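Keep the sequence and the 3D view side by side. The walk below moves from helix packing to charged pairs, then to rings.

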Amino acid sequence: MDTIWLTGAEWLAVLRIGLGLWWLESWRHKDRKAWFERGTGITWAAGIAAKHRWSAVRSGFDTIVAPHPRAMAYVVVYAELALGLGLITGFLTPVALVGGFLLNALYLTLMIHDVAEQGQNSMMALMSVVALFGMSWQTWSLDSALGLF
């Protein structure tokens with residue numbers, strides 16, 4: 001493989017780190033006080049789920065998320081932080097990439113009618129797949145330094 005400036009493995013590490021920075025920014029810009037104290041994020045998602053055209057989304061939200069809004073707010077917010085830090089540092093990278101892909105797939109499914117969200121989540125999911133199958137943890141990662149994976 002010919003590349004410019006960096007090796008192929010290094011470019012995959014750049015992709016992984018960039019995806020991690022994107023997750024970290026998703027975490028950083030959230031109003032955590034509003035999410036945790038007033039439940040704004042889950043309330044917003046509940047409104048979207050209630051009007052969703054797919055009954056599986058409505059019933060899934062009502063079964064899994066709605067009974068535990070406070071806990072789910074913490075899960076969402078801190079999952080984004082964990083994904084960001086894991087991908088930036090390259091720690092447990094395959095786990096973070098699969099988890100990020102699944103979270104983006106959930107976001108994409110919930111927000112299927114929002115064109116802007118479709119673009120962001122589909123691109124982040126694509127980056128996760130490329131970084132996973134390209135084994136982006138081989139370079140510039142704690143996984144590589146520790147001999148994991």
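Which helices do the buried residues of helix 3 pack against? The partners are helix 2, helix 4 (55-65), helix 5 and helix 6 (93-110). Bear in mind that this is a predicted model.

Stay with helix 3, residues 40-50. Its buried residues are Gly41, Ile42, Ala45 and Ala49. These four span an arc of only 90° around the axis, so they sit on the same side of helix 3. Now turn the helix over. The face directed away from the buried side holds the exposed residues Thr43, Trp44 and Ala50.

Helix 5 comes next. This helix runs over residues 69-89. From first C-alpha to last, its 21 residues reach 30 Å. That is close to the expected 30 Å, at 1.5 Å a residue. Many names appear on its buried list, among them Met72, Val76, Val77, Glu80, Leu83 and Leu87. Glycines are on the list too, including Gly84 and Gly86. The buried residues of helix 5 pack against helix 1, helix 2, helix 3, helix 4 and helix 6. Just after helix 5 comes Gly90, with a positive phi near 70°.

One buried residue of helix 5 carries a charge story. Side chains of opposite charge can pair when their charged atoms come close. Glu80 forms a salt bridge with Lys30, at 2.9 Å from N to O. Glu80 belongs to helix 5, while Lys30 belongs to the loop between helix 1 and helix 2 (32-38), so this pair ties together parts 50 residues apart in sequence. Is Glu80 buried or exposed? Its relative accessibility is 2%, so Glu80 counts as buried. Lys30 has 16%, and therefore counts as buried as well.

The model has two salt bridges by the rule applied here. Arg28 and Glu25 make a salt bridge too, with their closest N and O atoms 2.7 Å apart. This one is local. Both residues lie in helix 1 (residues 8-28), three residues apart, so about one helical turn separates them. Glu25 is partly exposed, because its relative accessibility is 35%.

Now the rings. A pair of aromatic rings is described by the distance of the centres and the angle of the planes. The count here is six aromatic pairs. Take Phe36 and Tyr74: the ring centres are 3.9 Å apart and the planes lie at 0°, so this pair is stacked. The two residues come from distant parts of the chain, with Phe36 in helix 2 and Tyr74 in helix 5, 38 residues apart. Phe36 has a relative accessible area of 12%, so it is buried. Tyr74 has 32%, so it is partly exposed. Together with Tyr78, Phe36 and Tyr74 form one aromatic cluster. Elsewhere, a charge meets a ring: Arg32 lies over the face of Trp27, 4.0 Å from the ring centre.

End in helix 7, which covers residues 115-133 and contains Met127. Met127 counts as buried, because its relative accessibility is 17%. Which residues does Met127 touch, leaving out those up to four places away in sequence? The contacts are Leu15, Gly18, Leu19 and Trp22. For a sense of scale, compare Gly39. Its C-alpha is separated from that of Met127 by 30 Å, and the two residues are 88 apart along the chain.

Conventions:
Residues numbered from 1 in each chain as written. Predicted model: local features only at pLDDT ≥ 70, side-chain atom pairs only at ≥ 80, totals over all residues. Heavy atoms only, no water. Salt bridge = Lys/Arg side-chain N within 4 Å of Asp/Glu carboxyl O. Buried < 20%, exposed > 50% of the residue type's maximum accessible area, 1.4 Å probe, protein only. Arc of directions from axis to C-beta. Contact = heavy atoms within 4.5 Å. Expected span 1.5 Å × (residues − 1). Phe/Tyr/Trp six-rings, centres within 6.5 Å; stacked < 30°, edge-to-face > 60°. Lys NZ or Arg CZ within 6 Å of the ring centre and 35° of its normal.
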